[in-house]
Each structure stands twice: as C-alpha cells, then as structure tokens.
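Student: Please take a close look with me at a single part, the surroundings of the ligand. I would like one connected picture that a first-year student can follow.

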Amino acid sequence: MTLKTVDDYRERVSKLRPKFFIGGKRVESLNDHPISRGVIEATAKIYELTMDPKYSEVMTAKSHLTGETISRSLHIHQNTDDLQRRLDMARMNSQKLGTCNYRCPGNEMLPSLAATTWEMDRDLGTDYHSRFNEYLKYAQKEDLVVSGSVTDTKGDRSKRPLDQDPDSYVHIVERKKDGVVVCGAKQHSTGAYVADENLILPGLSCQKGEEDYALAFVVPNGTEGITYIGQYNAYSVEREYAENLHYLGNPIYGQRETSLIVFDHVFVPWERVFMCGEIEYTQRFISRFAKTHRMNCGGACKVGFMDLIIGATELIAEYHGISRKSHIVQKITRMIQLNNTSLACAVSAAYMGKEDPPGSGVFMPDDAMSNLSKLNTNESFWEVLALAGDIAGGVAVTMPSEMDLENPEIGDYVSKYLKSAVPAKERMRIMRFLQNWVAGLHGVGTYQGAGPSQNEMLILYRVTDLEEKKRMAEELANAYY
Ligand SMILES: Cc1cc2nc3c(=O)[nH]c(=O)nc-3n(C[C@H](O)[C@H](O)[C@H](O)COP(=O)(O)OP(=O)(O)OC[C@H]3O[C@@H](n4cnc5c(N)ncnc54)[C@H](O)[C@@H]3O)c2cc1C
C-alpha cells in the first residue's frame, strides 16, 4: 500500500519553502499564515478521509500501473464505475470541507495526460506516455498532492500569444539538451502553493507557429524561478486579522484559495515534459481535461456545496419558525430540484462515459453530459444562493459579530435581539456560515471555475449530432402508409 498518512503530508508541507506572497507580503512559513494554513488543513482532511476505512471505496483505488492501493486523487479511470466513484469523491469532499479539496484540478488532468500522451506515442512515435507513466508511478508511490494549472493570463483575449506580450501564455523560451526553459504565468491556480508538485497543461488550442505554447509539464513546488502570488480579498483580510477563527463562516478551511504562478525562466527536465510542440494535440488535452473537470469540479463538487447551503438554509428557516410555511417549503424544494439536476447530469456523464481514445484504456465522461453538468450548475448555483438569501433574511449580511456577543458592555443586547427560536450564538454561527456562501466568493468562483457558460455551450453544440436529429424529423415528416 502506498497511501501516506496525514502526518506524512504535514511533515512534507512543513518543509516546503515556495516563493509565496500574499497581500504584498512574503510568506515564510505556510503553516503559520492563517490563509495557507486553511489550505493545508483542507488538504490534510483529504488524507484523513483516505485512510478512514469507512470511505476507502470512494477515496482509494487500485493503480492500473502497479496494482497497489492508491489515493483516488492519483488514479486514471479504467471504467465507468471509476468515473462514478470519482464524482462521489468530489461530492463527499465538498460536503466535508465546504471549500476546495485542493487535490482535484491536478487529479482531473492526469486522465487527460494518460489518454493524450498514449495517442501521441501511437501517432507520432514519441515517448511521452512512458515518461508520464514513470511520473505517475512516482506520484502514486509518494502519494503526492499535484495541483493543476491550465488557465493562462491571456492579456488581450482578442489576440493570439504572438500578437501581444508573448508571456501572456506559458511557453518555451529555450530548448536545451536536458530539458526546456519556460516563461509566462498561470492564473487562478487552486492550492498550488501547498501542493507537492505543479502540473501544467496548455491553455490554448495552438495553431501553426505556436509550437512553443504546446507544452505540458510538471515541476516540484518551489522550483527556482517560480513565484506564487496569492488571491487577496475581503475574506483574506477577515481571516488574516481574525482574533478567533470561530468568528468566520468556514472556520477551519476558509475560502477556496488560488494564486497566480509566475514562471520566470524555469527549467524543466525532459523526463517531466509530456508535450512539446505537438500543436494538433493541444485541443485534445484541453477538452479531455475539461470534460473530466466539468463532471467533477463543475458538477459533483458543487452538488456537495449545494447540499451544505440547503442544509444551512433549512436550519435558519427552522430557527426563524418559518420552515413549514408553504412558500418556504416550495423554495427549499426548488433548491433540492436544482441540486439534484446537477447531480443527475454528473451521474449520467459517468454512466455514459467511454474509453477515449479507444485502445488507450482510459475512461472519460460523456462529452455532452459533462458539459451540461457544468452548464446547469452555473445557473442553478446562483439560483440556490439567491433562494438561500431570500429565506435567511437581511441578517445574512447585516448581522453583528460574535465579538459583539462576547463584549460585556453590549453582549446582552446582541444575545436578546439576535436570538430566535434558538439562542443568538447558535443562530449567528449558521448565519455566518450561510453568509460565506450568499455574500462570498463562491458564486463567481463556481461560474468561472472549470470555465464560464460560453465554453460549455460551444462544446454542447459541437458534439451534438444535429444531422441525425434532422434526419429523424425528416423521416417521420415524410412517412406514409
Ligand atoms: C475559484 C476559481 C478556481 C480556479 N481554479 C483553477 C485551477 O486550479 N486551475 C486552473 O487552471 N484554472 C482555475 N480556474 C480558472 C478558470 O477555469 C477560469 O477562471 C475560466 O476558465 C475563465 O477564464 P478567465 O478567468 O481568464 O476569464 P476570461 O477567459 O477572461 O472569461 C471572462 C469572459 O470573457 C469571455 N471571453 C474570454 N475570451 C474570449 C474570446 N476570445 N472571445 C469571446 N469571449 C471571450 C468568456 O466567455 C467569459 O464570459 C479557477 C477559477 C476560479 C474562479
């Protein structure tokens, strides 16, 4: 068995010294900063769940390379059952954390790499697949956290990389005998600064002349030339200066944390390069990653979040004595309907999944259903947030703090006027938890993470066989006895 314990992970992460900045300040110790600490705690919880026999069917798998028991976070789907377990894992992890589980984006790139490197070796006679398998065996053996970054900074979106600052997309600046040198930056990289390794895929469907941008590789966290610049917002300030984490909406795990990763002449040895110049395969890398990511991160993960939002909203309705009122029951039912629709799409994406490309041994979710899963969630998540805010009332955003409750001069007022069917403290805790969602970062995060709606619409249109639908309609319209 190659699974590592939570203590192994904590020990590894305590030794990481990435060049990492947050709010304009260099972070020397990941463990001591309240924001990176939250990311570590969330990742650590995943290691705990993986070792818990109760969850082993969901959290572990058998490596197709070694036959060993490994974390499902490092597994390549071998059949549709694996796809189903993967989405079960996404949902459960979200329910347990209320934020990102940080092993997800990298995990969802691995099957795409397995499939596309296999295809490149078959078609071009390269050796990317064997390199990738060697890397995967290493990652599985050490049970590494691998972050995944595909999103370039892109600058002016109407221009190709060579028509603007060439560093707007990650690319090769030098090819050497022993590897390549890389410049550019990836943005919104979830949890990358506490991961063991950073996996990078091309974010652009490359054209002729853009060979330097057709690049996939993995590097250890903190490799020379890499700088991580953490996201910073009102929730960051709240966490950074909180006297007590209990005052926050998600005390231990916090918000979903990302960073800009800058690559300033980073050397990558050949054994960690999985694509280098094969422009015609970039689209396949991206779309295979996207459909896996949209079934899990875009779909099932957000189902787990909506489970929590629905639970918190129902609690508030009970605290306010309105849970049996007909319009509240109706609105809660609508939230359940939206959530289950997202779940149904993710489940059918797994159920209808197939080997892609045939012969590779890698199973991928169904194109249409995985994109639909994300597209539905983009819309339903906002509606669920709106309904939660509707039911919770204005106090979801106007409430004083638990610090006021603890202040001897005003604590009695807060206790008296913030109570409902339950004491003020109980109500304020759940209300703060709900505030984290309805007035937090998750609305835009859910919409943009794994790609905004237009991306899914494009694919849905492209993969739908309209000719076949036309033919069916014509056949019936022209039928006669
Ligand atoms: C919380 C969070 C976590 C994330 N985690 C990760 C991660 O771990 N790894 C990772 O790689 N990425 C991650 N992402 C990135 C995510 O996939 C992107 O945010 C998403 O793909 C959109 O890219 P963008 O943010 O650059 O927005 P843009 O690409 O600028 O899109 C904004 C709008 O502009 C439109 N648009 C953009 N370009 C064009 C064009 N050429 N023509 C017409 N319309 C256009 C889009 O349709 C959209 O409506 C994360 C994002 C979030 C919010």
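**Around the ligand**

Tutor: Happy to! The ligand is surrounded by 20 residues, and the closest are V150, T151, K154, R157 and T190. Please keep in mind that this is a predicted model.

Let's begin with the shell of residues. Strand 5, strand 7 and helix 15 are the elements that give two or more residues to the shell around the ligand. Strand 7 gives the most, with four residues. If you sort the shell by class, you find 13 polar residues, four nonpolar and three charged.

Now zoom in on some atom pairs. Two of them involve the protein backbone: a polar backbone atom of G148 is 3.0 Å from a nitrogen atom of the ligand, and a polar backbone atom of V150 is 2.6 Å from an oxygen atom of the ligand. In the case of R157, the side chain takes part: one of its polar atoms lies 2.8 Å from a ligand oxygen. How much of the ligand does the protein bury? Taken alone, the ligand exposes 960 Å², and 67% of that is buried by the protein.

Next, step back to the space itself. The ligand takes up the space of the largest pocket, whose volume is about 1,400 Å³. This pocket is lined by 45 residues, and T151, K154, G451, P452 and N455 lie nearest its centre. T151 and K154 are therefore worth finding on your screen, for they are named both among the residues closest to the ligand and among those nearest the pocket centre.

Which elements build the lining? Those giving two or more residues are helix 5 (104-124), strand 5 (146-149), strand 7 (179-190), helix 8 (282-319), helix 15 (442-448) and helix 16 (453-463). Helix 8 gives the most to the pocket lining, with seven residues, whereas strand 7 gives the most to the shell around the ligand. By class, the lining holds 21 polar, 16 nonpolar and eight charged residues.

K154 deserves another look. K154 sits in the loop between strand 5 and strand 6 (171-175). Its phi is positive, about 70°, although K154 is not a glycine. Here is the background: most residues other than glycine have a negative phi.

For contrast, let's turn to the enclosed spaces. Rolling a probe the size of a water molecule over the atoms shows where empty space is left. There are four cavities of 30 Å³ or more, and the largest cavity has a volume of about 70 Å³. Its lining consists of Y235, S236, E238, R239, L248, N250, G254, Q255, E257 and N436. Helix 7 (residues 234-241) supplies the largest share of that lining, four residues. Sorted by class, the cavity lining has five polar, three charged and two nonpolar residues.

To recap the main picture: the ligand takes the space of the largest pocket, G148 and V150 meet the ligand with backbone atoms, and R157 meets the ligand with a side-chain atom.

Conventions:
Residues numbered from 1 in each chain as written. Predicted model: local features only at pLDDT ≥ 70, side-chain atom pairs only at ≥ 80, totals over all residues. Heavy atoms only, no water. 1 Å grid on protein atoms, 1.4 Å probe; cavity = no way out; pocket = protein on both sides within 12 Å on 5 of 7 lines; lining within 4 Å. Points joined across faces, edges and corners; volume = space filled by probe spheres on them. Nonpolar A, V, L, I, M, F, W, Y, C, P; charged D, E, K, R; others polar. Near = heavy atom within 4 Å. Polar contact = N/O pair within 3.5 Å; in protein donor to acceptor, adjacent residues only side chain to side chain. Areas by Shrake-Rupley, 256 points an atom, 1.4 Å probe, with all protein chains shown as cover. Sits in = over half its atoms within 2 Å of the grid points.
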